[in-house]
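Trainee: I should like to go through the terms used for this structure and ask what stands behind each of them.
Mentor: Please begin.
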Amino acid sequence: MKKILNNPADYVDEMLDGFVAAHPEFYAQPERRVIARPEGATSGKVGIVTGGGSGHLPVFTGYVGPGFLDACAVGDVFASPSAEQMASAIRHADGGAGVLRLYGNYGGDVMNFDMAGEMVDMENDIRTTTVLLADDIVSAGKDEAEKRRGVAGMIYAFKIAGACADTRADLDEVTRVAQKAADACRSIGMALTPCIVPQAGKANFELGENEMEMGMGIHGEPGIWRDALRPADQIVDEMIDRILADHPFSKGDRLSVLVNSLGATPLEELYIMYRKVKQRFDAIGAEIVMPLVGRYATSMEMTGATITTIALDEELERYLKAPAACAYWRVG
Amino acid sequence: MATLDSARLKAALQRVAEGAAAAAAELNAADGQLGDGDLGITVSKGFAAAAEADLPDDLGMAFLECSKAFQRVSSSSYGTLVATGFMAAAKSAKGSETLDASAIPALVAAARDAMMARGKGELGAKSVLDSLDACAKAIEGADPAEMGDEAVAAARQTLQDFKGRPCKLGRARMFAEKSAELDDPGQLAFLRIVEAAVS
């Protein structure tokens, strides 16, 4: 294992110490493994919390900030936070108008967040709702779309739900809009090399020197095929074809696109990919709004990329463009 | 036991913590055949924490403390399921400082339903859910004096009933053939818990 760290057991806590120290205007850690806004919850505003395993920065906790999220529970690398940490995040997000739990569809996270909701209901009378991201089109077929895992599409849902909550909409309305944003996202990934979970000390999968895997999940979950590395245009064509087969776009449609590095893939290669993405949607006649190219949802040092599309209507586009800020994404 | 209150709950938890500690090696070994071999640790650590928790007089809040204590020390899926069961009992009992023994079957049934919903598990898949279901049915309407014996008998009978049948839930389902020959570790843990609780 070749990683810059002290003790693998301290990986997450030392990361969070530095994270909060570097960006005190956006993040505070009021309790261990809970990141919240330094000014506390906003009174009268619906709170939005997320949570999940570490190893994906800026996801999850990087998206706490004005116009985005209010709090986040942080687990070990690729492991769910505890229900108590999630309950604590909910309390720190509660401004008296209820709290939306907005996170990725993973079994452990769902169990613990449901449990956390019951805790704050019993102890604090906080009303909570849930919206799960399930945007990875490879992780289950269209007929079982509710079983899909949540990946990079969640950042669009964070942005849009956050903007809706900022209008002082009530919990049901914020939940509706978050669900609408989640339902509009489609993502697909591909990988070239694995990442190493610090406490395991070894790679979570192996790929041959000149191989790639199409459709691989963000934790190295198996994809669709594994074969010799293809040219960028051919890779992007297949990714876009698969997205379009799941969610067609036609002339005049509006969408945003995220071309995201899984960690080690450089911006240069993401732009080579985006060039082809733009050509594809130009050919359809669909207009890309606010494209995002960069490192938004990663798997530590994994080499590879994901492409996410979100179909926009007037409402989603308005919330996407509303002002918001965190250390990794600023709008307006 | 005619009524349940916070002090009696604490005493029962202390008995279960002792029983779980005594059974830890057996449960680890059973789990090691099919999973990662830490079920004994999960159960003994969880009940030890619940037994040490400060329990308020309100039984709902007392069960909530059990749930949180269990969850804190064992966040594995079995730990989360047990914590879910305690949480369901907490909701049913909220606002009462004592519960008549006749109310206990409803608590067990509520725990079963919540655990089935959370674990997305079905009955008949050879898991702890089958033990809970059998137990809930066995004590329903039973004479309070007989409830403990009925519960132990039901937990024991469940293990018997599933001999030769494969596990269809959790990691053990990946060893279908092997799991058919073995006791389900979760069902075995449940038996040890009930035995200790009523001892």
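Trainee: Why is Ala138(B) called partly exposed?
Mentor: Buried means under 20% relative accessible area, exposed over 50%, and partly exposed in between, with a 1.4 Å probe and protein chains only. Ala138(B) has a relative accessibility of 25%, so it counts as partly exposed. The residue lies in helix H6 of chain B, helices (H or I, at least four residues) and strands (E, at least two) being DSSP runs numbered from the N terminus.

Trainee: What is Ala138(B) in contact with, leaving aside its neighbours within four places in sequence?
Mentor: Contact means heavy atoms within 4.5 Å, and Ala138(B) has such contacts with Glu150(B) and Ala154(B). The C-alpha atoms of Ala138(B) and Glu150(B) are 6.0 Å apart, with the two positions 12 residues apart in sequence numbering.

Trainee: On what basis are such values given?
Mentor: The model is predicted: local features need pLDDT of at least 70 and side-chain atom pairs count only at pLDDT 80 or more, while totals for chains, interfaces and linings use all residues. Residues are numbered from 1 along each chain as its sequence is written, chains are lettered from A and ligands numbered from 1 in the order in which they are written, and side-chain values use heavy atoms, with hydrogens and water left out.

Trainee: What makes the pair Arg33(A) and Asp76(A) a salt bridge?
Mentor: The rule asks for a side-chain nitrogen of Lys or Arg within 4 Å of a carboxyl oxygen of Asp or Glu. In this pair the closest N and O atoms are 3.1 Å apart, so the rule is met.

Trainee: Why is this pair said to tie parts together?
Mentor: Arg33(A) lies in the loop between strands E1 (28-31) and E2 (34-36) of chain A and Asp76(A) in strand E4, so the bridge ties together parts that are 43 residues apart in sequence. Arg33(A) is buried, at 6%, whereas Asp76(A) is partly exposed, at 32%.

Trainee: How do you know that Glu238(A) is buried, and where does its partner Arg242(A) stand?
Mentor: Glu238(A) has 19% relative accessibility and therefore counts as buried; Arg242(A), at 32%, is partly exposed. Their side chains meet in a salt bridge of 2.9 Å, N to O. Both residues lie in helix H6 (residues 232-246) of chain A, four residues apart, about one turn of the helix.

Trainee: Which residues do salt bridges with shared partners join into one network?
Mentor: The network consists of Glu173(A), Arg176(A), Lys180(A), Asp313(A) and Glu315(A). Within it, Lys180(A) and Glu315(A) have their closest N and O atoms 2.5 Å apart.

Trainee: How many salt bridges does the rule find across the interface of chain A and chain B?
Mentor: Four are found. Among them, Lys91(B) pairs with Glu118(A), at 3.5 Å between the closest N and O atoms.

Trainee: What is the area buried between chain A and chain B?
Mentor: Buried area is the accessible area (1.4 Å probe) that two parts lose on being put together, summed over both. Here the value is about 1400 Å², with 62% from carbon and sulfur atoms. Met111(A), Met115(A) and Met122(A) supply 48% of the area that chain A buries against chain B, more than any other three residues.

Trainee: What is remarked on at Lys126(B)?
Mentor: Lys126(B) has a positive phi of about 65° although it is not a glycine. At 2% relative accessibility, Lys126(B) falls under the cut-off and so counts as buried.
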